[in-house]
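Hi,

Here's the structure I said I'd pass on. Have a look at it first, then read my notes below.

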Protein chains: 2
Amino acid sequence: MAVSNGSTPSGHPCSSATNAGPFNDSMSFVDVAIIGAGPAGCMAADVLSRFSARGLTVRIFDKRSAQLENGQADGLNPRSLEIFESLGIIEQVQKEASPMSEINFWAPCPETGRLVRTGQIPDTTPGLSRFQQTILHQGRVETHLLDDAQKHSQGAIAPERSMLPDTLSIDESLVADHNSHSITLTVRHLSEGESTPDAYKFDDKGVRSGLFRSSLLSAAEEEGLYKKDGTAERVETVKARYLIGCDGAHSWTRRQLGVKMLGDQTNFVWGVLDLVPRTNFPDIRMACAIQSANFGSIMVIPQPRDLVRLYIQLPIRVEPGAYLDKSRITSETILATARKILHPYTLDYESIDWFTGYHVGQRLTESFAQYNRVFLAGDACHTHSPKAGQGMNTSMQDTWNLCWKLGLVATGLAKPELLETYSLERQPVAAALLSLDCKLARSWSSKRHQLQKGREEDRNAEKLGEIIAKGKAFTLGISINYADSIIVGKDGSRGAVTSKQYLASKLPVGERFYSAQVVNQASATADQLTTRIPFTGAFRLLVFPGDITKPAAKERLQKLADYLDSPESVVSKYTPGDLPRWAVIDPVTVHCAERTAVGLYDFPQPSIFHPHNYKRIYCDGPSHHRGDGKAYETYGISKEEGAIVVVRPDQYTGLIVGLEDTDMLDAYFAQFMLPAKDGGHPGAKVAEVLPPDWSKVVPLEITGSFAVEEVRVNGTS
Amino acid sequence: MAVSNGSTPSGHPCSSATNAGPFNDSMSFVDVAIIGAGPAGCMAADVLSRFSARGLTVRIFDKRSAQLENGQADGLNPRSLEIFESLGIIEQVQKEASPMSEINFWAPCPETGRLVRTGQIPDTTPGLSRFQQTILHQGRVETHLLDDAQKHSQGAIAPERSMLPDTLSIDESLVADHNSHSITLTVRHLSEGESTPDAYKFDDKGVRSGLFRSSLLSAAEEEGLYKKDGTAERVETVKARYLIGCDGAHSWTRRQLGVKMLGDQTNFVWGVLDLVPRTNFPDIRMACAIQSANFGSIMVIPQPRDLVRLYIQLPIRVEPGAYLDKSRITSETILATARKILHPYTLDYESIDWFTGYHVGQRLTESFAQYNRVFLAGDACHTHSPKAGQGMNTSMQDTWNLCWKLGLVATGLAKPELLETYSLERQPVAAALLSLDCKLARSWSSKRHQLQKGREEDRNAEKLGEIIAKGKAFTLGISINYADSIIVGKDGSRGAVTSKQYLASKLPVGERFYSAQVVNQASATADQLTTRIPFTGAFRLLVFPGDITKPAAKERLQKLADYLDSPESVVSKYTPGDLPRWAVIDPVTVHCAERTAVGLYDFPQPSIFHPHNYKRIYCDGPSHHRGDGKAYETYGISKEEGAIVVVRPDQYTGLIVGLEDTDMLDAYFAQFMLPAKDGGHPGAKVAEVLPPDWSKVVPLEITGSFAVEEVRVNGTS
C-alpha cells in the first residue's frame, strides 16, 4: 500500500544496488530514511515498522559500528513507560530497569556547614500514572525498540551501522508530490577503521570515556572522529520520500538543511561517573540532590546492576563558544571533586563503568521540519542538561509523535498537512523543557540559592527541591497538552471541530489518554484499557454507551452502530477495502451495565461487537481479583449521557463527542484523512453471528443414561 | 564443589567420549542425569542449574527430536506461577499466557432439556495468591525453563534430543557412598528416522494428532514408535550419581526399576480439540463446564492466540485393560460429538490446531525413589485425567521439591537423608490429586449427577460445580501442607524441633510462604517480599525484629546478630569458606519502625545489614505508590515479640522461632545440613561500613561563592 513511483524496487530497499564494490555508486529507493540509531531513531523505526505490512519501506543508518554499552541517557519517565506499554515492550523494560521511588535532598546545616538530609519527595507524583519513573541504560532501550521493529517488519527494518551520511539534496520541484522520492542522500559505508573513532577509548586509568560524544566536543571535532581515510567500502545513493534526522546535538542533517540552533551553553562544566560505589553515604540507592557548602553539587541516580550514576559539578567555568581541553577531565579528577562534596562521607568504588563531562547548555532549533519532507527530532532540535532526566524521553516522544503521522501520510491514508502538527505539538514541549532546564541548571550550579548562614528561608534544598517538585508535572511527561489543531478538537482555533469536553470532564482534549481498569465482557478478566488498545497506527473510537439495559441507551448505541455500518461512516470511508474493516478507525466499547445482565449478542454487530473478536467490548464494573476500575467516574463520563472519546494512535485524546454526534466525527476525520482510493468499505458486509433461534428448538426429554459403545479387552466392540 | 570421584571429566560432560562414530561406545560421567524434557524434566534442569556454578553437572535427555508445538498440558495454577516468580521467569510466562477469570456452568433446563447457564464462580479463589490461574502451552513453558537453565549454567545444561535410554543398572554396593557414580545408563543417539515417530502425523483431514503419545497407547505401542532400526548413530554409556526419571506415564525408568503403577483407567474415552472457533456459544472465552441432557459433557478452556481447547466426552467406554482402535478417533468424530452436546449453539472453526483422545485413569506408583539415587517425577509416578488442570503443575512441583534437595546433597552441603523427604512430601500430594480426579471424572462422565426432570436438588451443574469449587484449594496448589519432618518443624513427630507457630500465626509451618509487600529501606521502593527472595538454593532466615527504635527490640536484634556473626552460628558452620557468607543461609530483615526514623547503619553488620548489599533490609510500612503492605499483620507476627521465619529454598515455611531461639535454629539445621568440610566461615570477617565520626569533622564556614577556573575562547584558562 505504500505510495511510490514506478522505479521503487520491490523487496529489500538495498536490492537495487546496480554496482557493488568500493566506491562504485549504487542507488536505491526507500520511503523513509532515518539518520541516527539513538533513542529517537529507534523509536521512529519501531513506530514505522507497524506500517511495514502495508508496504512502507524504512532504513535506519548509524555512523557508529556498534551500539553503546555504557553511559549516555538512562531516565525513563512514566509517559515513556506508557508508550512502551502501547508498543508491547513494557515487560522486558521493567524487568531490567531500576525503579526510582524517592528524591532525597541534602544540604549544609546552617550552623556547622555539614551535609544533612533536608527533605524528601516521591520521585513520581503519586496518582499520575500507573508507571513510575525508572532507570535503564539507553543502549538497552534502543535494543528493545530495534528488536520490536525487526519483529513487526519481519526483519526488514534493522539498523545499518558504520554508515556515514555524506551529501543531502532535496529537489524542491518535487516536494509537493508526496509520491516522489524528492530527497537524495548519499551514505558512505565506512570501513572498520573509519567507524570506530580513536577517541572511543579509555582514560589513563583504563576507564571507558564518553567524552568523544559529549557536548564538550565541537561539531568539527566530532566530525573529525569519523575521518574519511579513503578506505570506505563504497558510497551509496539513497532516494527517499522522507528523511528523519535523529543525529544528535551536532546533527549533520540539521547542518545540511542550514537550520540554526538558538541559545548557547551556560558556563558550568559537570562530570558524570557510572560506578559500583563503596560508600557510607546512606542514600546511595535513592535519587539525591546534594549541595555542599563550598564545593558544588552532586546528583545521585541509582542504576540497575548495583551501578550508581553521579552527576558532579566541577570547579570549571567555560566562556560561551570556548571548548575545554578534554584531557583534563578524567574519572580521577571527577572522583576527587565528588569526594570533596560528599566529605566526610566516603566514596570508594568496586568498579567504574564509564565517565564523561558536559557543559550545561539549552539550545533549540529554528524549525523542526522542512517541506514536510525532512524532519529533525531529539537532540538534533533541542539540547539541554541531563538534570531533568528528559533527554531520552523527549527524543523518543518526538518520533512517537511524528511517525504515526508519517506512516498514515506515506501510505496514502492521510493528508500531508497532518505532518505540520509535528512542529506545532513538539516545539512547545522542547521550549518548555529548555525553560525548566535553565531554572534547574541555575539552581544546581550557582550559589545564589545556597543556604546562607542564618537565613533560614533561603535553604537551598528547598529552593532546588521546589523547582524539582514543581517541574514534576512536566518532567514526568504526563502534563503535556497539545494545542488545538486539525487533530486536536479543542477550541476550534486551528481546527474546525470543538469537543464536548464536559462529556468526559476528566479527560482533557490534547492530553494523553490515561488508563482505567475495565472487565472484558467475554472472558471476565480485568484489563487495563490502554493494554487493550496498543499501538497499531489506528485511531480508537472509545464508545461509552452507558447502561445498555436501558432502552434509551440501547437505542442510542444502535443508531451509532447504524452510522458506523453505513458506507458513509468514517470507518467505511477511510479504510481501504484491502485492509480489515477496523484497521484504521477501531471502535472499542465500554458499557456500564452489570456484566452478567448483558451478553455479547446484546451489542450491535459488526461495528460494536465485531463478530468473533472478543477484545472489543468491556464492562465498567467489579472484577474478581482487582476491584472495580470505575472507568466512567475516572474519566468524568456520565452513565446517563455517555460519550465517544477519539484516541489518536499515539494515545492522545483528539476529540470528545456524544454518541449522536456522528457529524462531528465526520468533520474531525475529514480535516486530515483521505478517502480510501478504492472507495473504502462498502458499508457493513461482515457476516453477523446470531444466537440460536430457540423457538425452532424442540424441547428435549432428558434420558436416564447415555448411549455408549463398549470396547472390550479382545478389541471388539 | 560437586563431590565426585576422580574420573569425572571437567568441562562438558560429553567431553570424555573416547570413541565417536556409530555404535562405538563412549563413556562419560555426570552428577545428575534427567530422562525426559517435559515439564518435570525442564523444571529439574532449571532448579539444578543454580548449582552449576558450584560444579554440579547435569544432563537432560529426550527421545523426541524436537519440542512439542501443539497440544498436551496448558494449565498453570497460582502455585506454579509463584514458582516461576521465584525462578525469575514470571514476566515472559505471563506475557504469553491467557489468564482465566471465571468458570461458567451450563446444564439442561429441567423443563425443556435446553442448555442454560446455571452458575459461575471465580476461577481462582480471590485472596489466595497474587497470581491467578492462567493458560500457556506446555511447549512454551518448557522453553522458558530450558532457556533459564541454560542461562544459569552458562550454556552447560541444554536438552539432548533424539536420545533414547537403552539400559539402566545400579551398583548396589556403591549406593551408600553418595560420591560414587553408582548408576550406569546407556543412551542411544537416534538417527532422524528413529526419533521422529511415524505416528507423529496428521489425521485424514490434515489435523495434527496427539494420539501417538496419549493414554490410549499401550506401553508396547509407545515403545514401538521409537523403533531401533539399526541406524542409531551410537550408544553412549553415562555414569551418574543420581537419575531422575521424568519420562511420562509409560516411564521407561519406572519399568527398569520394576516399580508398579497401582490403579487403572476408568472406562470413558474423551477427545480433545484445540481450535480457533467460530461459534455463537457466548461463553467461549470463559472456562466452562457444559453438561448436556443426553450427549455428554464438554469442558472449555480458552487459550492464548484465540485458540480454545475443548475436552469432549465421547460415547465410547473401554473395558479396563483394553485399548481402542486409534483410527476411530479423528478431529471430525470429536467435533461431531461436540456439536451434539452444544446444540443448538453452533460450532465451526477457522482452524484446528491439534486433537487427541484419552482414557480417564488414576494411577499412582508404588514408590517415588530407590536408594535415594533414582527418582521418579511427574506422570512417571502419577497419572490422572486433565480435568483438574493439574498435570503440568504437579509434575513441575515434584521436581521443584526434589531438586533443591538434590542440589544441596550432591554438592556436599546436606545429608543424603534430606532426599527421603521427597517421597514423604510429594506422595500424599499425588494421592490427594488422584482422589479429587476420581470424583471429578465420575461427576463429568456419568449421568448420576445429571439434572433429572423435577428433581431440583439434583442439578448436575451444582454437583459438579461443588466438587470443582471445593477442589479449588487443592487445584490452585496453595493449600499443600507438607508433613512434619527434618525440614518441617511442625510437631516434632518426625523431626526434633517444634516451631513456635503462634509467633507467626498466619504462616502455617509446612505451607508455602506467601508474599507481602514491604518497602526497601535503602531505596524506598515497594517490593513484594517473595520477589526479593528468589530461588538461589539458599534457606532464608526472615528476621522480623519489630520496632528497632525501641531499645529492647534493638538489643534483641543485636544478640541475634552476635550469634549469626559467631563461628558457631548456622550461617558460619554450614557455609563453605569458598562461598559467599550468605550463599547457603541468608538473613533478610523486615522491621516495623517508621522507615525514616531509622537508617541502614542502625542495623548490626554484617549479619543484618550485609555491607553494600542494599537488598536485605525492608520496612513494613506505607509506600509512595502502592499503599501499605502490613506484612506483620498479614503474617500474624506481633510487632512486640517479632519472629524468625525459616523459609526453605522452595519457598515453604520450615520453622518459626523467636529471635532469641538460636538453639532451635541450631537443632533444626543440624538435622539435615552437613558442617562445611573446610570448617565454614570463621565468624564475621566482613569489614564493617561505619558512618562518619562527626566528632572529628570540624565545622565549616559557608563561603559566598565557589572557587572556579574560567576557560576562555582562546583556550587558555
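In what follows, two residues are in contact when they have heavy atoms within 4.5 Å. By that rule, the contact takes 93 residues from chain A and 92 residues from chain B. Keep in mind that this is a predicted model.

How much area is buried between the two chains? People often describe an interface by the accessible area lost when the parts come together. Here about 7,900 Å² is buried between chain A and chain B, and carbon and sulfur atoms give 55% of that.

Next, the polar side of things. There are six salt bridges across the interface of chain A and chain B. One of them joins A:Glu91 and B:Lys95, with 2.9 Å between the closest N and O atoms. Also across this interface, 20 residue pairs are in polar contact.

Which pieces of chain A touch chain B? Those that supply at least two residues each include helix H3 (90-96), strand E13 (265-279) and strand E16 (308-318). E16(A) gives the largest share, five residues. Sorted by type, this side of chain A has 45 nonpolar, 29 polar and 19 charged residues.

E16(A) is worth a zoom: it pairs with strand E29 (residues 709-711) of chain B in the parallel sense, over three bridges. Look there for A:Ile316, which stands opposite B:Glu709.

Last, a bit of annotation. An unreviewed UniProt entry lists residues 480-676 of chain A as "domain: Phenol hydroxylase-like C-terminal dimerisation". That stretch is 19% helix and 18% strand, and its end C-alpha atoms are 32 Å apart.

Cheers

Definitions and conventions:
Residues numbered from 1 in each chain as written. Chains lettered and ligands numbered in written order. Predicted model: local features only at pLDDT ≥ 70, side-chain atom pairs only at ≥ 80, totals over all residues. Heavy atoms only, no water. UniProt positions renumbered as here; feature names shortened; annotations may be inferred. Helix = DSSP H or I, 4+ residues; strand = E, 2+ residues; numbered from the N terminus. Buried area = accessible area lost by both parts, 1.4 Å probe. Salt bridge = Lys/Arg side-chain N within 4 Å of Asp/Glu carboxyl O. Polar contact = N/O pair within 3.5 Å; in protein donor to acceptor, adjacent residues only side chain to side chain. Nonpolar A, V, L, I, M, F, W, Y, C, P; charged D, E, K, R; others polar. Pairing = 2+ DSSP bridges.
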